[in-house]
Amino acid sequence: MTCDKLPRVCRARGSAGLHCCRKQCVNVMTDNQNCGQCGKKCWFDQACCGGSCVNVMHDPKNCGGCNKRCKKGCFCQFGMCSYA
């Protein structure tokens, strides 16, 4: 049984996510192959954070990983806050 035939299986406990993309349940908030919507792929140097593709090597709100914020006044470089 796949979610394209029965979409509510994605709401079952233990499911990978609530959305059905290409016959698989996915979480579009964190899935790099379906970021924000089905089929939207993040580039190889990006991660899906909150449904948006971001570069975790340079994004001060997602430095080194999703939701890893740098302190105010710091910058993100090489996935680390205020590296140098």
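**Close-ups of a predicted model**

**View 1. The disulfide of Cys35 and Cys48 is right-handed, with 90° about the S-S bond.** In this predicted model, the sulfur atoms of Cys35 and Cys48 sit 2.2 Å apart. This pair joins distant parts of the chain: Cys35 belongs to the loop between strand S2 (24-26) and strand S3 (47-49), while Cys48 is in strand S3, 13 residues apart. Is the pair buried or exposed? Both Cys35 and Cys48 are buried. For the wider picture, the structure holds eight disulfides, and the next two views pick up two others.

**View 2. Cys63 and Cys76 make a disulfide that links a loop to strand S5.** The two sulfur atoms are 2.2 Å apart, and the link is right-handed with 90° about the S-S bond. Look for Cys63 in the loop between strand S4 (52-54) and strand S5 (76-77); Cys76 is in strand S5 itself, and the two cysteines are 13 residues apart. Cys63 counts as buried because its relative accessibility is 6%, under the 20% cut-off. Cys76 comes out at 7%, so Cys76 counts as buried too.

**View 3. Cys70 and Cys81 form a left-handed disulfide.** What makes the link of Cys70 and Cys81 left-handed? The torsion about the S-S bond is about -90°, so the disulfide gets that label. Cys70 lies in the loop between S4 and S5 and Cys81 in strand S6, so this pair ties together parts that are 11 residues apart in sequence. The sulfur atoms of Cys70 and Cys81 are 2.2 Å apart. As for exposure, Cys70 has 13% relative accessibility and therefore counts as buried, whereas Cys81, at 36%, counts as partly exposed.

**View 4. Cys74 has no cysteine sulfur within bonding reach.** Which cysteine sulfur is closest to the one in Cys74? That would be the sulfur of Cys70, but at 6.3 Å it is too far for a bond. The cut-off for a disulfide is 2.5 Å between cysteine sulfur atoms. With a relative accessible area of 29%, Cys74 is partly exposed.

**View 5. Asn62 reaches across to the backbone of Asn67.** Asn62 has its place in the loop between S4 and S5, and Asn67 is found in that loop as well. The side chain of Asn62 gets to within 2.8 Å of the backbone nitrogen of Asn67. What else does Asn62 touch, leaving aside neighbours within four places in sequence? Its contacts are Cys49, Val54, Val56, Asn67 and Lys68. Asn62 counts as buried because its relative accessibility is 9%. Asn67, on the other hand, is exposed, with a relative accessible area of 69%.

**View 6. Arg22 and Asn67 both have a positive phi without being glycines.** For Arg22 the phi is about 50°; for Asn67 it is about 60°. Where does Arg22 sit? Look in the loop between strand S1 (19-21) and S2. Arg22 has 69% relative accessibility, over the 50% cut-off, and therefore counts as exposed. Asn67, the partner of Asn62 in the previous view, is in the loop between S4 and S5.

**View 7. Met57, Phe78 and Met80 form a nonpolar patch on the surface.** How much accessible area do the three have together? About 280 Å². Met80 is found in strand S6 (residues 80-81), the strand that also holds Cys81 from View 3. Met80 has 40% relative accessibility and so counts as partly exposed.

**View 8. Gly39 and Met80 are separated by 30 Å, C-alpha to C-alpha.** Along the chain, Gly39 and Met80 are 41 residues apart. Gly39 has its place in the loop between S2 and S3, and Cys35 from View 1 is in the loop between those strands as well. Which residues does Gly39 touch, not counting those up to four places away in sequence? Gln33 and Asn34. Gly39 is partly exposed, with a relative accessible area of 35%.

Terms used
Residues are numbered from 1 along each chain as its sequence is written. This is a predicted model: local features need pLDDT of at least 70, side-chain atom pairs count only at pLDDT 80 or more; totals for chains, interfaces and linings use all residues. Side-chain values use heavy atoms; hydrogens and water are left out. Patches are made of residues with over 30% relative accessible area and no salt bridge: like charges are joined within 9 Å, nonpolar side chains (Val, Leu, Ile, Met, Phe, Trp, Tyr) within 5 Å. Accessible areas come from the Shrake-Rupley method with a 1.4 Å probe; for residues, only the protein chains shown count as cover. A salt bridge is a side-chain nitrogen of Lys or Arg within 4 Å of a carboxyl oxygen of Asp or Glu. Helices (H or I, at least four residues) and strands (E, at least two) are DSSP runs, numbered from the N terminus. Buried means under 20% relative accessible area, exposed over 50%, partly exposed in between (1.4 Å probe, protein chains only). A polar contact is a pair of N or O atoms within 3.5 Å; within protein, one must be able to donate a hydrogen and the other to accept it, and residues adjacent in sequence count only if both atoms are side-chain atoms. Contact means heavy atoms within 4.5 Å.
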